[in-house]
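Colleague: I've got this model open and I'd like a close look at a single part of it, namely the salt bridges. Could you walk me through them, and then show me what else sits around them?

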Amino acid sequence: MPVPILKQGTYLIASVQSALTDADTERLQDDLMKFVSKYRAQGIIVDVTAIDVMDSFAARSLRTIAHMTKLRGAETVIVGLQPEVAFAMVQLGLTFEDMHTALDLEEGLAWLNRKLPSRRQQDGRDRDR
């Protein structure tokens with residue numbers, strides 16, 4: 001099942017609705033890379049709140065997405081990691097230490113807004129009146 005990707009200003013928001021198969025994960029990677037180029041996205045949020053189990057392939061793929069999109073000029077934040085998913089990842093030795101994570105979508109957007117303040121102005125939200 002494809003992951004819906006929404007455009008919000010200069011950001012993309014991918015909301016993972018259920019556990020991803022390997023094919024779904026690869027499609028998400030491809031789709032995000034296409035959308036980063038198409039929309040010149042500068043920030044990406046991957047929301048995994050609905051996921052209660054994440055295998056090592058999916059975790060590595062999220063890291064790969066973050067690295068690939070950074071090479072294209074976009075910062076990526078993974079939001080909504082459930083406690084049991086985080087615990088299992090640590091037990092398996094999988095971490096997102098080289099990636100940005102946030103508790104939820106709101107905190108992810110706040111992080112991007114802090115990280116990319118000049119880009120936020122380009123979006124028109126912080127212009128002087």
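Modeller: Here is a tour that starts with the charged pairs and then moves on to the surroundings.

Keep in mind that this is a predicted model. For orientation, UniProt, in an unreviewed entry, puts a feature called "domain: STAS" at residues 1-112. That span is 46% helix and 20% strand, and its end C-alpha atoms are 27 Å apart.

Now to your charged pairs. Side chains of opposite charge can pair when their charged atoms come close. The cut-off used here is a Lys or Arg side-chain nitrogen within 4 Å of a carboxyl oxygen of Asp or Glu, and by that rule there are two salt bridges.

Take Lys-70 with Glu-75. Their closest N and O atoms are 2.7 Å apart, and the pair also shows up as a polar contact between the two side chains, at 2.7 Å. Glu-75 belongs to strand β4, which covers residues 75-79. On the other side, α2 covers 56-71. The two partners differ in how much surface they show: Lys-70 is partly exposed, with a relative accessible area of 48%, while Glu-75 has 10% and counts as buried. The buried label applies because anything under 20% relative accessible area falls in that class.

The other bridge joins Arg-27 and Asp-31, with 3.7 Å between the closest N and O atoms. Both residues are in helix α1, which runs over residues 22-39, and they sit four residues apart, about one turn of that helix. An α-helix has 3.6 residues a turn, so residues three or four places apart point the same way. Here, too, you get a partly exposed base and a buried acid: Arg-27 has a relative accessible area of 45%, and Asp-31 comes in at 18%.

Just past that helix, have a look at Arg-40, in the loop between α1 and β3 (43-47). Its phi is near 55°, which is positive even though the residue is not a glycine. Most residues other than glycine have a negative phi. Arg-40 has 67% relative accessibility and counts as exposed.

Follow the chain into strand β3 and you come to Asp-47. With a relative accessible area of 14%, Asp-47 is buried. Its C-alpha lies 5.8 Å from that of Gly-80, although the two residues are 33 apart along the chain. Another pair that is separated in sequence involves Ile-13, in strand β2 (residues 11-15). Ile-13 is buried at 11% relative accessible area. Between Ile-13 and Leu-32 there are 9.5 Å from C-alpha to C-alpha, with their positions 19 residues apart in sequence.

Next, the empty space. Rolling a probe the size of a water molecule over the atoms shows where empty space is left. The largest pocket has a volume of about 170 Å³. It is lined by 13 residues, and those closest to its centre are Leu-20, Ile-51, Val-53, Met-54 and Ala-58. Your two helices come back here: α1 and α2 are the elements that give two or more residues to the pocket lining. The largest share, three residues, is from α2. Sorted by class, the pocket lining has ten nonpolar, two polar and one charged residues.

Separately, a search of the whole structure turns up one cavity of 30 Å³ or more. The largest cavity holds about 50 Å³ of space. Its lining includes Met-1, Pro-2, Val-3 and Pro-4, along with Ser-15, Leu-20 and Asp-24. If Leu-20 sounds familiar, that is one of the residues closest to the centre of the largest pocket. By class, the cavity lining is made up of seven nonpolar, three polar and one charged residues.

To finish, go to helix α4, which spans residues 105-115 and has Gly-108, Trp-111, Leu-112 and Asn-113 as its buried residues. Asp-104 caps the N-terminal end of α4, with a side-chain oxygen 3.3 Å from the backbone nitrogen of Glu-106.

Terms used: Residues numbered from 1 in each chain as written. Predicted model: local features only at pLDDT ≥ 70, side-chain atom pairs only at ≥ 80, totals over all residues. Heavy atoms only, no water. UniProt positions renumbered as here; feature names shortened; annotations may be inferred. Buried < 20%, exposed > 50% of the residue type's maximum accessible area, 1.4 Å probe, protein only. 1 Å grid on protein atoms, 1.4 Å probe; cavity = no way out; pocket = protein on both sides within 12 Å on 5 of 7 lines; lining within 4 Å. Points joined across faces, edges and corners; volume = space filled by probe spheres on them. Nonpolar A, V, L, I, M, F, W, Y, C, P; charged D, E, K, R; others polar. Polar contact = N/O pair within 3.5 Å; in protein donor to acceptor, adjacent residues only side chain to side chain.
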